[in-house]
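Reader: I'm new to looking at protein structures and would love a close look at a single part of this one. Could you take me through it step by step?

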Amino acid sequence: MPWKAPNPIELYKMLPKTNCGKCGEANCMAFAVKLINFEADLDQCTPLLEEGYRENYQKIKALVAPPVREIALKSPQRTVKIGGEYVLYRHELKYMNPTAIAIDVDDSMDKDTLIKRLKTIENFSYEYVGRKLKLDLVALRSTSKDPKQYMKATQTVIENCTLPLILCSQDPRIIEAGLSVLNGRYKPLIYAATKDNWREMADLAKTYNSALTIASPGDLDTLISLAKTLTEDVGIEDVALDPGCFTGIGGLSYTIKAYTQLRYKAMNEGYKYASYPLVGTPISIWTKPHEDPVQTMMWETILSTIMMTRYADAIIMHSLEGWTLLPLVMWRFQIYTDPRKPVAVEKGLRAIGNPDENSPVFITSNYALTYSIVSNDIQKGGLNAWLIVIDTEGLAVDVSVAAKKFIGDKVLEVIKESGLEGKVKNKILIIPGKAARVSGDIEEATKWKVVVGPMDSSEIPSFIKKIWTPEKIKEILEG
């Protein structure tokens, strides 16, 4: 049966019911509601971690556990979670952990080439509606077939990159060489255990506390059999599944069906041997590359997008060109937004261009699209300005004004937290034209002069030319 959220009353009955507030909520009932809405973590209830509540803790944990197991891949600096999904369709709730994108490096690269590629992977960033879209993992492949060479490459990777790792080889000797360098500071994903090496790979996963991918391309029966053996008989908990990635018309059809079938059985049938994160390898398209490398890169991106849409929780890619990754990270952002909530950016003060003490100060809401349009219009106008983004709970300006979310107290909060008073000389705030009716409230709360700006942010550059002169500024301040 599909996962169903527990009733908050059911959770409340198992909580301590002390209303101690240690979780940050006013009472235990509020915490129970937050818990089922994925707005709180069970471990925030510290009394529940005490010995007397251990049984209740385990019961609640089982009730809120996702049908697909969540695995945390770790480096000393970062943690990337894969799996942990609750629904087959996004509109039923939301997708939880965005598909992790891993880019490969290999142990045959010379040190300078390897370091350069690692820096490109880690520094990839694209700002989209106020969010920085980045890559997540490094997949270290063994092409040398030499454990010593792989060990050396692993050392170079961890010295020059902070991302968690996927160690890629079907040779246990190679994988052990890489794991030995990590010294327990990482929790990598091993790729991969097969019908031929699963015993050795399982021993390595247990010894080095690593997650383990099971791969059985084109054979779901063997994949499930290995999953059952490794989880039940051997006791490996953190397992991921790779049913295979095939190119070509028939192969692509199999790929889509295999990933969909595994996720369907996990979500709708509760089949525990399919209830693990799915790993995709669109990089496999490079085993038979097109004569034109651009075509190969294009098809790798297309295949990656398909697999991401069809439930892959992590994918391994080779292409590192911006034009191949940009549509992928933007698509991932779209499908992993919460359909229950507007897309919002963090509140705070933004510097557009190179503002100084004489630059104008604008205010906008934290609805992602509004913020993106306003900041872009200011930037395109060649202006150096400060932009205050207030928390309107993701609502656009006109809606947030009507809902009383666009208020003076929230503007004052950002001014105080950002230290804006010490950054500008002229205490003037320019608010959107659609927020004109709250100008008095903002002026009263902040004690700054408020100017009502244009209705459309595209008119900001021409508006500033008219009002941002010494004479006009003096007139506003004295008015």
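**A patch on the surface, and what lies beyond**

Author: Happy to! Let's begin at the surface of this predicted model, where Val294, Met298, Trp299, Ile302 and Trp323 make a nonpolar patch of about 450 Å². Which helix gives the most to the nonpolar patch? That is helix H10, which spans residues 293-309 and supplies four residues.

Pick out Ile302 for a moment; its place is in helix H10. Is Ile302 buried, exposed or something in between? Its relative accessibility is 31%, and residues between 20% and 50% are called partly exposed, so Ile302 falls into that group.

For a comparison, turn to His91, which sits in the loop that links strand S2 (79-83) with strand S3 (100-106). His91 has a relative accessibility of 65%, and because the cut-off for exposed is over 50%, His91 counts as exposed. You can also use His91 to get a feeling for distance: Trp468 is 377 residues away from His91 in sequence, and their C-alpha atoms are 47 Å apart in space.

Now let's visit a part that is mostly covered. In helix H6 (residues 172-182), eight of the 11 residues are buried. Among them are Ile174, Ala177, Gly178, Val181 and Leu182. What do the buried residues of H6 pack against? Their partners are H5, strand S7 (165-168), strand S8 (189-193) and helix H7 (198-207).

The pairing with H5 deserves a slower look. The axes of helix H5 (residues 147-160) and helix H6 come within 8 Å and cross at roughly 35°, and the crossing is right-handed. On the H5 side, the residues in contact include Pro147, Tyr150, Met151 and Ile158. They belong to a group that meets residues of H6, including Arg173, Ile174, Ala177 and Val181.

Finally, step back to the whole chain. Its secondary structure comes to 17 helices and 17 strands, and its C-alpha atoms fill a box of roughly 80 × 60 × 45 Å along the principal axes. Of the 479 residues, 50% are buried. Among contacts with a separation of 6 or more, 65% are between residues 24 or more positions apart. The accessible surface of the chain is about 22700 Å², and carbon and sulfur atoms account for 51% of that.

Conventions. Residues numbered from 1 in each chain as written. Predicted model: local features only at pLDDT ≥ 70, side-chain atom pairs only at ≥ 80, totals over all residues. Heavy atoms only, no water. Patch = residues over 30% accessible without salt bridge, like charges linked within 9 Å, V, L, I, M, F, W, Y side chains within 5 Å. Areas by Shrake-Rupley, 256 points an atom, 1.4 Å probe, with all protein chains shown as cover. Salt bridge = Lys/Arg side-chain N within 4 Å of Asp/Glu carboxyl O. Helix = DSSP H or I, 4+ residues; strand = E, 2+ residues; numbered from the N terminus. Buried < 20%, exposed > 50% of the residue type's maximum accessible area, 1.4 Å probe, protein only. Axes fitted to C-alpha atoms, helices over the stretch in contact; angles between N-to-C directions. Left-handed = near helix turned anticlockwise from the far one by under 90°. Contact = heavy atoms within 4.5 Å.
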